[in-house]
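Please open the model in a viewer and keep the selection panel at hand. The tour below proceeds from one selection to the next and describes what is found at each stop.

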Amino acid sequence: AQALSLLLTTSVCLLCLGFSRLRLTGGDTACSGHLKVQQEETWATVCFSHIDFKTASVICNELECGQPVDILRGTHFGDRHELIWQEEFHCVGNETRLAQCPRMLHHNKTCSYDATVVCSGYGGYRLANGSTRCSGRVELLHGGTWGTLCDYLWDLPAADTLCQQLDCGIALMIPDGQSFGKGNGSVWNGTFSCKKNGSRLRDCLVSVLGHDECPAGKDARVVCSGCPGVRLVNGTTCSGRVEVRHGDTWGRLCRSRWNLQAASVLCHQLNCGYAKSIQTGDHFVDGDGPVWRDAFHCEGTESCLWDCAQVTLGNPACSAREAATVICSGKYRMLPRVDSRVGLSLYAVLASQEFCSRQIRLVNGTNRCAGRVELYHDGIWGTVCDDNWDLSDANVVCKQLGCGHAIKEFVSAHYGEGSGHIWLDDVNCTGAESDLWACPSRAWGQHNCQHKEDAGVLCSEFLSLRLVNGNGCAGRLEVFYNGTWGSICSNRMSQLTAITVCKHLNCGGDGEIAGDFKYGRGSGPMWLDHIECTKQHSSLWQCQSDPWNPQSCDNRAEETHISCTATFAEFLCFADREKLRVIGGEDGCSGRVEIWHQGSWGTVCDDSWDVADANVVCRQLGCGSAVSALSEAAFGEGTGPIWLEKVHCKGTELSLWDCPAKPLFGKNCDHKEDAAVNCSAGQQVTCLTLLAWAQQEATEEQPFGSPGSLHVASSFPFRSSPPPCHREYENFNACHLLHYPGGPSLPGPCHSCQTDPKCQGTTER
């Protein structure tokens, strides 16, 4: 028979052996009271002398009651008759359950008082009923029950602390009214200001209120930026050394890869305006810690720094004192509480007006470091004329974009003709200028050119990836860098890196390093070695490696050969169905047809290209039907690969991927045969136009910006149809009016409403 070690004293029973549950009883809340443990159907009281603070920490954690606040000497046993747990607990503090803690039996130790444990009650936070996980009504888990947080002292600093605690960036605002509903559960009363030392709510006691006892406007609400993992240190709120977080580790960035556009995106996401300077000398760089080699390449309109293209591969290391820094223009004055329907949009407009007065970009290339040169000036994008355009001018462009140096300058609209303004002509750089607009030229807008003279560049850090001498998804691995294809060495390369290559090339989710070298030897540079990818990397460009070096391998036997699970014929199964675009037109619905494959944009050969093929492209892009199917590079010649030829659509297919086609391996086509389309419907409309329309059409029953008032569907919840931009409106509505922080930037003068792949496919948020 099972022995229950009941050591009977005059009126007290002492209990040992295992137990199944614990509880706190007789306290003011569910997270405080006398400690009792259960074995089978019997509850026993634990002695005050048998637990310590580490044990209390385990108890509070197991009960989802936050942190231990105190251990009190409870009631004297006296003549009470009850079971007493005889063993002492010796917890380390990292156990998840009290039953996992070591215990020690003391036969001769008397027990005069029971143990009373007081926990903070905090079990966690969440934001409820918002349009994203980073906005909503603040709810607190207390004693295992979620309830609305009622906080009389809730303010923007407290909200900012919570946003950071939830990995949601910074607090943008505290909306007024019933933006996120009232909640149907418990109401917990607490405050971030419970201690003067700035402690968080996890360290504060909370109390239970009746469902309607929280006064109007005192329930905590917040809209966070949704941009985690970036901070400024060693300075002020809006200036300092730039640090980013990888996993749980913070580290600084290298100054050599930091530029003003990325800095402006960072300032914008921190509610600090725009970047005034990144040249701060030795200010802010004191201290030690990891140094990350990430480079962020931003267009300037991104909401978060992590939305920018990130390249780490081949970047050189730097010392701790060569860290990236920034001085932002300063925080915008924001009222502690603003109307959620307009506050965020007004903030975005004010911020964007300041940091995007002038920008530069490359358009129509297959990568951010090649394309037609375009400048943003006076709120409008325009091109640069090729009169006197040379390598010195191109060098300034590449340097300004963080794309290394110029490999080649292009004239005669090599990357297709632009539209609208031609901003600069007769540019005459020395090559030492930091910005293209600092070079001598004619005055802005003064020229004697046409768009057939638009200038372009190819920079050294234009990157592309391929597998050669195989079937497209198996072969010798090569990377295009500094204007030349070269090999990648296999030293220390893991299967995880091979899998990352396969995913990067849309060749499936598995792959291995081939050891038979059947794909031949390379003849060009051997660019990289010691590439190390992690599960978090979606692209080879994000992986760590040695710096670029044309002699990275000791010999050709170290070149990397990879075999992916998919063949080229299967790539359509893995291709993202949104990776189709038309380039060179004015409205996103006419231009050269390009598809994304193997990490690069490429064109379609015009062999057999007809209106049936064009109809499928137009319909897939949400651009109506085809007006014409164009050939012979009607919108300019593309660059990079030509992925398909002899496309044979019936015209009824839902996407181009459903049409029979031949992958192009040979040299049957060149870019003078690039296929193009002209569709019946224009696609783009400015975000501000949509904003004005949505505000005009809102009703009292469905106010503008209220959760659930807008949804992505084939019909609209308003009284009239939106401007002619159905597909773009859907994304605007989900991303902007419902404050989706991962979507494209909020309405502002910097850009038109652009489709964002993060904001597609669902109906309601």
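Helices and strands are here DSSP runs numbered from the N terminus, a helix having at least four residues and a strand at least two. With that convention, select Ser412, which is found in the loop between strand 30 and strand 31 (421-424). The phi of Ser412 is near 55°, a positive value in a residue other than glycine. Most residues other than glycine have a negative phi.

**Confidence**

Colour the chain by pLDDT before going further, since this is a predicted model. The chain averages a pLDDT of 77, and 76% of the residues score at least 70. Over residues 333-356 the pLDDT is below 50, although this stretch has 58 contacts in the model beyond near neighbours in sequence. Residues 567-578 also stay under 50, and the model has 26 contacts for them beyond four places in sequence. Where pLDDT is low, the predicted coordinates should not be read in detail.

**Helix 5**

Next, select residues 391-400, which make up helix 5. Which residues of helix 5 are buried? They are Asp393, Ala394, Val396, Val397, Cys398 and Gln400. These buried residues pack against four strands: strand 27 (358-364), strand 28 (370-377), strand 30 (406-410) and strand 32 (456-459).

Now show the two ends of the helix. At the N-terminal end, Asp390 acts as the cap, with a side-chain oxygen 3.2 Å from the backbone nitrogen of Ser392. After the helix comes Gly402, whose phi is positive, near 70°.

**Strand 34 and its partners**

Select residues 474-481, which form strand 34. Why can strand 34 be described as largely enclosed by the rest of the structure? The reason is that 8 of its 8 residues are buried.

Add the neighbouring strands one at a time:

- Strand 33 (464-468) runs antiparallel to strand 34 and is joined to it by 5 bridges. Ser464 stands opposite Phe480 in strand 34. The two strands form a hairpin with 5 residues between them, and Asn469 in the turn has a positive phi of about 65°.
- Strand 35 (residues 484-488) is likewise antiparallel to strand 34, with 4 bridges between them. Here Gly486 is the bridge partner of Val479. This hairpin has 2 residues between its strands, and its turn contains Asn482, with a positive phi of about 55°.
- Strand 38 (residues 561-564) is joined to strand 34 by 3 bridges, and the two run antiparallel. Ala474 stands opposite Ser563 in strand 38.

**Aromatic rings and charges**

Display the side chains of Phe, Tyr and Trp. A search of the whole structure finds 11 aromatic pairs. One of them is formed by Phe410 and Tyr415, which meet edge-to-face at 5.4 Å centre to centre, with 85° between the planes. Both Phe410 and Tyr415 are buried.

Move to Phe462 and Phe480, another edge-to-face pair, at 5.6 Å centre to centre and 85° between the planes. This pair links distant parts of the chain: Phe462 lies in the loop between strand 32 and strand 33, Phe480 lies in strand 34, and they are 18 residues apart. Phe462 and Phe480 are both buried. Add Trp485 to the selection, and ring pairs link Phe462, Phe480 and Trp485 into a cluster.

Where does the charged end of Arg466 sit? It sits over the ring of Trp485, 3.8 Å from the ring centre. A further arrangement of this kind can be displayed by selecting Arg231, whose charged end sits over the ring of Trp250, 4.1 Å from its centre.

**Two serines**

Select Ser545, in the loop between strand 37 (526-528) and strand 38. Is Ser545 buried or exposed? Its relative accessibility is 2%, so Ser545 counts as buried. A polar atom of the Ser545 side chain lies 2.8 Å from the backbone nitrogen of Gly314. Leaving aside neighbours within four places in sequence, the contacts of Ser545 include Arg293, Leu313, Leu528 and His530.

Finish at Ser608, in the loop between strand 41 (600-604) and helix 8 (611-620). Ser608 is partly exposed, with a relative accessible area of 36%. Its phi is near 70°, again a positive value in a residue other than glycine.

Methods
Residues numbered from 1 in each chain as written. Predicted model: local features only at pLDDT ≥ 70, side-chain atom pairs only at ≥ 80, totals over all residues. Heavy atoms only, no water. Buried < 20%, exposed > 50% of the residue type's maximum accessible area, 1.4 Å probe, protein only. Contact = heavy atoms within 4.5 Å. Polar contact = N/O pair within 3.5 Å; in protein donor to acceptor, adjacent residues only side chain to side chain. Phe/Tyr/Trp six-rings, centres within 6.5 Å; stacked < 30°, edge-to-face > 60°. Lys NZ or Arg CZ within 6 Å of the ring centre and 35° of its normal. Pairing = 2+ DSSP bridges. pLDDT = per-residue confidence, 0-100.
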